[in-house]
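Here's a walk through one model, from its ligand site to its cavities, sheets and odd backbone spots. Have the viewer open while you read.

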Amino acid sequence: MDIHKSEKLFAEAQQLLPGGVDSPVRAFKSVGGTPRFIARAEGATIIDVDDNRYIDYVMSWGPLILGHAHAEVVAAIRAQAARGTSYGAPTELEVELARLMTQAMPSLDMVRFVNSGTEATMSALRLARAFTGRTKIVKFEGGYHGHADMLLAQAGSGVATLGIPDSVGVPPAAVADTLTAPYNNLRALAQLFEAHRHQIAALIVEPVAGNMGVVPPCEGFLQGVRALTLEHGALLIFDEVITGFRVGWGGAQGLYGVKPDLTCLGKIIGGGLPVGAYGGRREIMQWVAPSGPVYQAGTLSGNPLAMAAGLATLNVLRRTNPYAMLESLAARLCEGIAAAAEVARIPIWQNRVGSLFTTFFSSGPVTDYASAKKSDTARYAKFFHALLDTGFYFAPSQFEAGFVSVAHSDEAIEQTVIALRRVF
Ligand SMILES: *Cc1c(COP(=O)(O)O)cnc(C)c1O
């Protein structure tokens, strides 16, 4: 495979952008090699600057549930662009998108649009602290909620550890009120709440973990989290930036039947443009400025291009209800991976929820961050490169989700399964 243009661009990019990229995982650091510079994309296919074609299972990390350059989404963006790209004033698009979201997720009475998932989670936590008058927050080890200072803490193993920053530049004070607990462990969580009675403002959780690789909640886990937060007067925040409109029209909260107080969204609701949102119960959301005292603003928030792309995406999803089809495509892919691994006698563990999946190179079950980290990342890197070299673009890291879109045809899945046999 000729990648000389990507190589040249990567060399130039590294002089101009830290690591040559604008978001770390794109640089291929954990798998090695040269990131492909993408020139264009359509459907399930991305095409790099050297004209190599790949069937894409990253799909911009989740937003593109309809595939690249979906005709209706492109048309919506084009039509809106001709009418202006930003006004700094309210639009009907925001009302329409908010209405669709509140219809899809009954826990949402109101929403506030922002520009990224990061902004959504940091704003939701500010709101939760204001509403409860408490300062501590709880997150799970391996849970990713964007890059706000207070959320860049996973702490060590064990229960009830006070936060230790995950990144230099995060002052210890910024994570001093961030408590962490192991995912899928209600006992540890109960102890944490017990040890910090009347101090915890909110617990934030990816209802299906997607950023340590995909890790579904164990039976009863989310229900238990709901019960504990209610018992202790803490708000429950579902970070559905990945799962919202991905695992079903009603998100993970619809799938598992658990109602959070606040929800963070992003990715799919922007249809491939930069968007985030947070929303929830009216009495809480009315604390947000200008109706309430919690300040939060954005020059480009509710941007009409992004609203138009999100609205077009959600309208297609509502009209076509593709979730059963997405699930069966992803299931076939995962079955293909499992069969190929078994023939080659390579131990793997796969987690999948709907069209969201991860193949862990691990012989044991992956139920939390500690077990995810037991994966053989060197083996994953080989798997990744063998696929990439034959035209299949999987996530350049073991600890990420794979995404199937509406544009992944039966043939695309079949081609991938055939390639997987060779790869293993
Ligand atoms: C992607 C992601 C975020 C961050 O969103 P950005 O738009 O990248 O800031 C937050 N939470 C989860 C669960 C995510 O997957």
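## Strands, holes and a ligand

Gln350 has Thr359 in β13 as its bridge partner. Before going on: this is a predicted model, where local features need pLDDT of at least 70, side-chain atom pairs count only at pLDDT 80 or more, and totals for chains, interfaces and linings use all residues. Residues are numbered from 1 along each chain as its sequence is written, and side-chain values use heavy atoms, with hydrogens and water left out.

Back to that pair of strands. β12 and β13 run antiparallel and share 5 bridges. They belong to an open sheet of 3 strands, ordered β12-β13-β15 with antiparallel pairing. Its edge strands are β12 (349-353) and β15 (402-403), each pairing on one side only. For the terms: strands pair if DSSP finds at least two bridges between them, and the elements are DSSP runs numbered from the N terminus, helices being H or I of at least four residues and strands E of at least two.

β13 also turns up in the lining of the largest cavity, where it gives the most, with 3 residues. Both β13 (356-360) and α13 (377-389) supply at least two residues of that lining. Among the lining residues are Phe357, Thr358, Thr359, Tyr380 and Phe383. A cavity here is a set of points, on a 1 Å grid over the protein atoms alone, where a 1.4 Å probe fits but cannot get out; a pocket is an open set with protein on both sides within 12 Å along at least five of seven lines, and lining residues have an atom within 4 Å of a point. Grid points are joined across faces, edges and corners, and a volume is the space filled by probe spheres set on the points. By this rule there are 2 cavities of 30 Å³ or more.

Here is how the spaces line up, with Ala, Val, Leu, Ile, Met, Phe, Trp, Tyr, Cys and Pro counted as nonpolar, Asp, Glu, Lys and Arg as charged, and the others, Gly among them, as polar.

| Space | Volume | Lining residues by class |
|---|---|---|
| Largest cavity | about 90 Å³ | 6 nonpolar, 5 polar, 1 charged |
| Second largest cavity | about 40 Å³ | 5 nonpolar, 2 polar, 1 charged |
| Second largest pocket | about 340 Å³ | 9 nonpolar, 9 polar, 2 charged |

That pocket is lined by 20 residues, and the closest to its centre are Glu94, Phe113, Gly298, Ser301 and Gly302. Strand β4 (residues 110-114) has the largest share of the pocket lining, 3 residues.

The second largest cavity counts His145 and Glu206 among its lining residues, along with Phe140, Gly143 and Tyr183. His145 and Glu206 are also among the residues around the ligand, as are Ser116, Thr118, Tyr144, Asp239 and Ile242; a residue is near if one of its heavy atoms lies within 4 Å. By class, this shell has 3 nonpolar, 6 polar and 3 charged residues.

Which atoms sit opposite the ligand's oxygens? The side chain of Lys267 places an N or O atom 2.6 Å from one ligand oxygen atom. For Gly117, a backbone N or O atom is 2.8 Å from an oxygen atom of the ligand, and for Asn211 a polar side-chain atom is 3.1 Å from one. A polar contact is a pair of N or O atoms within 3.5 Å; within protein, one must be able to donate a hydrogen and the other to accept it, and residues adjacent in sequence count only if both atoms are side-chain atoms. The ligand taken alone exposes 380 Å², and the protein buries 83% of that, with areas from the Shrake-Rupley method and a 1.4 Å probe; for residues, only the protein chains shown count as cover.

Over to the other sheet: 4 strands make an open one with mixed pairing, in the order β1-β2-β3-β14. β1 (38-42) and β14 (392-393) are its edge strands, each pairing on one side only. β1 and β2 run antiparallel over 4 bridges, with Arg40 opposite Ile47 in β2. They form a hairpin with 2 residues between them, and Gly43 in the turn has a positive phi of about 60°. β2 (residues 45-48) then joins β3 (residues 53-56) through 3 antiparallel bridges, and Thr45 stands opposite Ile55 in β3.

Last, the backbone oddities. Most residues other than glycine have a negative phi, and most peptide bonds are trans. Asp51 has a positive phi of about 75° without being a glycine, and lies in the loop between β2 and β3. Asn184 has a positive phi near 65°, in the loop between β7 (178-181) and α6 (186-195). Ala289 and Pro290 are joined by a cis peptide bond, with omega about 10°, and Pro290 lies in the loop between α9 (282-285) and α10 (304-320).
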